[in-house]
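Hi everyone, thanks for coming. Please have the sequence and the 3D view open while I talk, and stop me whenever you get lost.

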Amino acid sequence: MKVFNYPVGVHNVFRVNGTDFQNCSKPPLSEALRSGNDKIVLATPGRKWYICGVAKHCENANQKLFINVLPQTQSPSAAPAPSPIYTKFHSSPATKRPFIFW
């Protein structure tokens with residue numbers, strides 16, 4: 001599972017296809033995740049693309065994330081607890097608050 005943490009109302013998350021990712025094209029607003037603590041289960045292998053759809057955050061601040069989920073080849077071993085990793089979804093200069101991806 002991946003978690004997008006951000007200040008509510010400052011960002012949102014859209015899952016898009018590769019073309020929309022490249023062009024920062026937003027789906028309808030009704031498809032946005034906007035809780036500020038969005039959990040996404042990456043259950044199937046393949047490419048996953050996410051963008052911020054607020055204003056021009058994708059275009060101007062490069063707030064977009066590509067994930068390639070690899071097929072599972074072995075049974076998983078116990079993994080250490082996740083720690084925050086700062087990704088291309090990051091704070092805008094106006095907010096100075098990080099967008100954290102787990």
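**A short tour, starting from a cysteine**

Let's begin with C52, which counts as buried, because its relative accessibility is 1% and the cut-off for buried is under 20%. Please remember that this is a predicted model, so everything I mention is computed from predicted coordinates.

Now, what does a search of the whole structure find in the way of disulfides? It finds one. For anyone new to the word, a disulfide is a covalent bond between the sulfur atoms of two cysteines. Here the two partners are C24 and C58, with sulfur atoms 2.1 Å apart. The link of C24 and C58 is left-handed, with -70 degrees about the S-S bond. Where do C24 and C58 lie? C24 lies in the loop between α1 (18-23) and β3 (37-40), while C58 is in helix α2 (residues 57-61), so the pair ties together parts that are 34 residues apart in sequence. Both C24 and C58 are buried. And our opening residue, C52? C52 is in no disulfide. The nearest cysteine sulfur to C52 is that of C58, and it is 8.0 Å away.

Stay with C24 for a moment, please. C24 has a positive phi of about 55 degrees although it is not a glycine. On accessibility, C24 counts as buried because its value is 7%. You can find a second positive phi at N62, again near 55 degrees and again in a residue other than glycine. N62 sits in the loop between α2 and β5. Is N62 buried or partly exposed? With a relative accessible area of 33%, N62 is partly exposed.

From C24 we can hop across to Y50. In sequence, Y50 and C24 are 26 residues apart; in space, they are 9.5 Å apart, C-alpha to C-alpha. Y50 has its place in strand β4 (residues 46-51). With 2% relative accessibility, Y50 counts as buried.

Y50 takes us to the aromatic rings. How many aromatic pairs does the structure hold? The answer is two. In one of them, the rings of F4 and Y50 have centres 5.4 Å apart and planes at 55 degrees, so this pair is tilted. F4 belongs to strand β1 (residues 2-5) and Y50 to strand β4, so the pair ties together parts that are 46 residues apart in sequence. F4 is buried, as is Y50.

W49 and F66 also form a tilted aromatic pair, at 5.9 Å centre to centre and with 40 degrees between the planes. Which strands does this pair bring together? W49 lies in strand β4 and F66 in strand β5 (residues 64-69), so parts that are 17 residues apart in sequence are tied together. Have a look at the accessibility here. W49 is buried, with a relative accessible area of 19%, and the cut-off for buried is under 20%. F66, at 39% relative accessibility, counts as partly exposed.

While we are on rings, please find F21. The charged end of K64 sits over the ring of F21, 4.6 Å from its centre.

Next stop, a histidine. H11 lies in the loop between β1 and β2 (14-16). H11 is buried, with a relative accessible area of 2%. Which side chains does the side chain of H11 meet in polar contacts? One polar contact, of 3.2 Å, joins H11 to H57. Another, of 3.1 Å, joins H11 to Q63.

Finally, let's zoom out to the whole chain. There are two helices and seven strands in the protein chain. Reading along the sequence, you meet them in the pattern β-β-α-β-β-α-β-β-β. The protein chain has 102 residues, and 38% of them count as buried. Among contacts with a separation of 6 or more, 64% come from residues 24 or more positions apart. The protein chain exposes about 6500 Å², and carbon and sulfur atoms supply 56% of that area.

If you want to retrace the route at home, start at the disulfide of C24 and C58, then go to the tilted ring pair of F4 and Y50, and finish at the polar contact of H11 with Q63. Thanks for listening!

Terms used: Residues numbered from 1 in each chain as written. Predicted model: local features only at pLDDT ≥ 70, side-chain atom pairs only at ≥ 80, totals over all residues. Heavy atoms only, no water. Disulfide = S-S within 2.5 Å. Helix = DSSP H or I, 4+ residues; strand = E, 2+ residues; numbered from the N terminus. Buried < 20%, exposed > 50% of the residue type's maximum accessible area, 1.4 Å probe, protein only. Phe/Tyr/Trp six-rings, centres within 6.5 Å; stacked < 30°, edge-to-face > 60°. Lys NZ or Arg CZ within 6 Å of the ring centre and 35° of its normal. Polar contact = N/O pair within 3.5 Å; in protein donor to acceptor, adjacent residues only side chain to side chain. Contact = heavy atoms within 4.5 Å. Areas by Shrake-Rupley, 256 points an atom, 1.4 Å probe, with all protein chains shown as cover.
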